[in-house]
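I opened my notebook for a look through this structure. My plan was to follow charged pairs, cysteines and a few single residues.

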Amino acid sequence: MLVADALPRRADVVVIGAGVFGAATAFHLAEAGVDVVVVERGDFCSEASGANVGLVSLSPRPPGLMADLCRHATDLYEALSDRLGREVHFQPTGVIRVGMTEESLADVIDWAERQRSVGIEVDVLSGEELRELEPLLPEGVLGGCHTPRGGFVSPFAVVAGYLERARELGATLVPMTTVTGITVRGGRVVSVDTTRGRIETDAVVNAAGAWAGEVSAMVGLHTPITPIRGQVLVTEPIAGLPHRVVMGISPSIRSTWAANGIIGSIQEDAGFEKRVTLAVMRDFARGITEMYPHLREVQVIRAWSGLRPKTPDQMLILGESEQVPGFVVATGGFDIGMMLGPAVGEVVADVVLGRTPRFDLTPARLDRFAA
Ligand SMILES: Cc1cc2nc3c(=O)[nH]c(=O)nc-3n(C[C@H](O)[C@H](O)[C@H](O)COP(=O)(O)OP(=O)(O)OC[C@H]3O[C@@H](n4cnc5c(N)ncnc54)[C@H](O)[C@@H]3O)c2cc1C
């Protein structure tokens, strides 16, 4: 079980934010023997990482760093329960991508060919063949593809697993504590101020998600992150929902491990406003019951929302600032951050440790936004 530690006076590295990026980074640092403290404003996993629907599939992005990180993260997820010594509830259901129009089907087929070109097993299937796999797919599905890679995780189990294991390896976890300032002296990070006191340190990892811009501003850096709200609606348990991840149908519905229907998850630019709105809940209900009329009488039991951290080019921001050595940024997961988390944690720890990361992080460098 996660516990709150006392604020240390000193640490080698301060990780700001206990979402999936911060938690995975802290684990890899602790595993390397680094004295790391995680400072979290709220509870662990209380923002985007606790609001997502846990879908971990291969990247919809073009070939390049994001797609490479997604593929690597899939490998890491497959072995994560063993590595952390606790269950992260990875369900390798496989993923179906569907096309509802000729245009979207062409995009799906193009995506499938790109995956095949890097050795991923993907089958292109007709609408009928897909409905044989998932009988509940609507008639409007023209065709699509299926890959056995990917599935779902329990986001809370993943974040808690990373943090618990990190703590066993010596990390300090400080929830309910806000970072309010960062002191730079002689051009380097020297300390972090929090609502519970100061921590002397040599390095900071800004894993503050949608709030990463605020944290970077504490050292005078510009980190352009826009919060993009997503909303999710959960129903009472329903028999016979699609078993696999189905992408390309909006709104989407899937079954949780307890058979509840989980419906989501729109992308809205609403600033830092996190309220669930009735209009979106109605749209979800209308969209789902048009596709699946037999769900009309199903009861909704809860709803929530969260803020995705989005960069202008939808590329992550990963790496150490050239202007402020010791200040490392790890954010911009946007709509696939839960998927990317394990790979991000690994490469960001490499950056902090001065090791060469597995992938060339140049496309994700923070300084690409410098004026
Ligand atoms: C509705 C919804 C559905 C989604 N579905 C999926 C999905 O199916 N698959 C997928 O891969 N991704 C999905 N995502 C995206 C994914 O959730 C995010 O990209 C990812 O969780 C971002 O993780 P993070 O660690 O960067 O940010 P967060 O989880 O937001 O963590 C940042 C943390 O920093 C803390 N913090 C901020 N400022 C401070 C401060 N000053 N001091 C201390 N702490 C601070 C915050 O409290 C927060 O806990 C979804 C997102 C939403 C909202």
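Here are my entries, grouped by what I looked up.

**Entry 1: the model and its annotation**

I am working with a predicted model. I checked the record before anything else: UniProt, in an unreviewed entry, lists residues 12-350 as "domain: FAD dependent oxidoreductase". Over residues 12-350 I find 31% helix and 29% strand. The C-alpha atoms at the two ends of that stretch are 14 Å apart.

**Entry 2: salt bridges**

How many salt bridges does the count come to? My tally is 23 salt bridges, and I looked up a few of them.

I began with Arg 167 and Asp 5, whose side chains meet at 2.6 Å, N to O. Arg 167 sits in helix H7 (residues 155-168), while Asp 5 sits in the segment before strand E1 (10-16), so this salt bridge ties together parts that are 162 residues apart in sequence. I also noted the accessibility of each partner: Arg 167 is partly exposed at 35% relative accessible area, whereas Asp 5 counts as buried at 14%.

Next came Arg 71 and Asp 68, a salt bridge at 2.7 Å, N to O. Both residues lie in helix H3 (residues 65-78), three residues apart, which is about one turn of the helix. Asp 68 is partly exposed, with 27% relative accessible area.

Then I turned to Arg 86 and Glu 164, which form a salt bridge at 3.0 Å, N to O. This pair links distant parts of the chain, 78 residues apart. Arg 86 is in the loop between helix H4 (80-84) and strand E4 (95-99), and Glu 164 is in helix H7. I followed the charges onward and found a network of salt bridges linking Arg 86, Glu 164, Arg 165 and Glu 168.

**Entry 3: an acid without a salt bridge**

Is Asp 367 buried or exposed? I find Asp 367 buried, yet without a salt bridge. The nearest side chain of opposite charge is that of Arg 365, 6.2 Å away. A salt bridge needs a distance within 4 Å, so Arg 365 at 6.2 Å does not qualify.

Asp 367 lies in the segment after helix H10 (337-353). What does its side chain reach? I see the side chain of Asp 367 at 3.2 Å from the backbone nitrogen of Glu 322. Leaving aside neighbours within four places in sequence, I list Glu 320, Ser 321, Glu 322 and Gln 323 as contacts of Asp 367.

**Entry 4: cysteines**

How many disulfides does the count come to? I get zero disulfides. For Cys 45, the nearest cysteine sulfur is that of Cys 70, 18 Å away. A disulfide needs the two sulfur atoms within 2.5 Å, so 18 Å rules out that pairing. Cys 145 is in no disulfide either, and the nearest cysteine sulfur, again that of Cys 70, is 15 Å away. I noted that Cys 45 counts as buried at 4% relative accessibility, and Cys 145 is buried at 1%.

**Entry 5: a threonine in a strand**

My last stop was Thr 147, in strand E6 (residues 143-147). Thr 147 counts as buried because its relative accessibility is 1%, and the cut-off for buried is under 20%. Its side chain reaches the backbone oxygen of Glu 121 at 3.0 Å. Not counting residues up to four places away in sequence, Thr 147 touches Leu 58, Gly 94, Val 95, Trp 111, Ile 120, Glu 121 and Val 122.

Technical notes:
Residues are numbered from 1 along each chain as its sequence is written. This is a predicted model: local features need pLDDT of at least 70, side-chain atom pairs count only at pLDDT 80 or more; totals for chains, interfaces and linings use all residues. Side-chain values use heavy atoms; hydrogens and water are left out. Helices (H or I, at least four residues) and strands (E, at least two) are DSSP runs, numbered from the N terminus. Buried means under 20% relative accessible area, exposed over 50%, partly exposed in between (1.4 Å probe, protein chains only). Lys and Arg count as positive and Asp and Glu as negative; His and the chain ends are not counted. A polar contact is a pair of N or O atoms within 3.5 Å; within protein, one must be able to donate a hydrogen and the other to accept it, and residues adjacent in sequence count only if both atoms are side-chain atoms. Contact means heavy atoms within 4.5 Å. UniProt positions are given in the numbering used here, feature names are shortened, and annotations may be inferred rather than shown by experiment.
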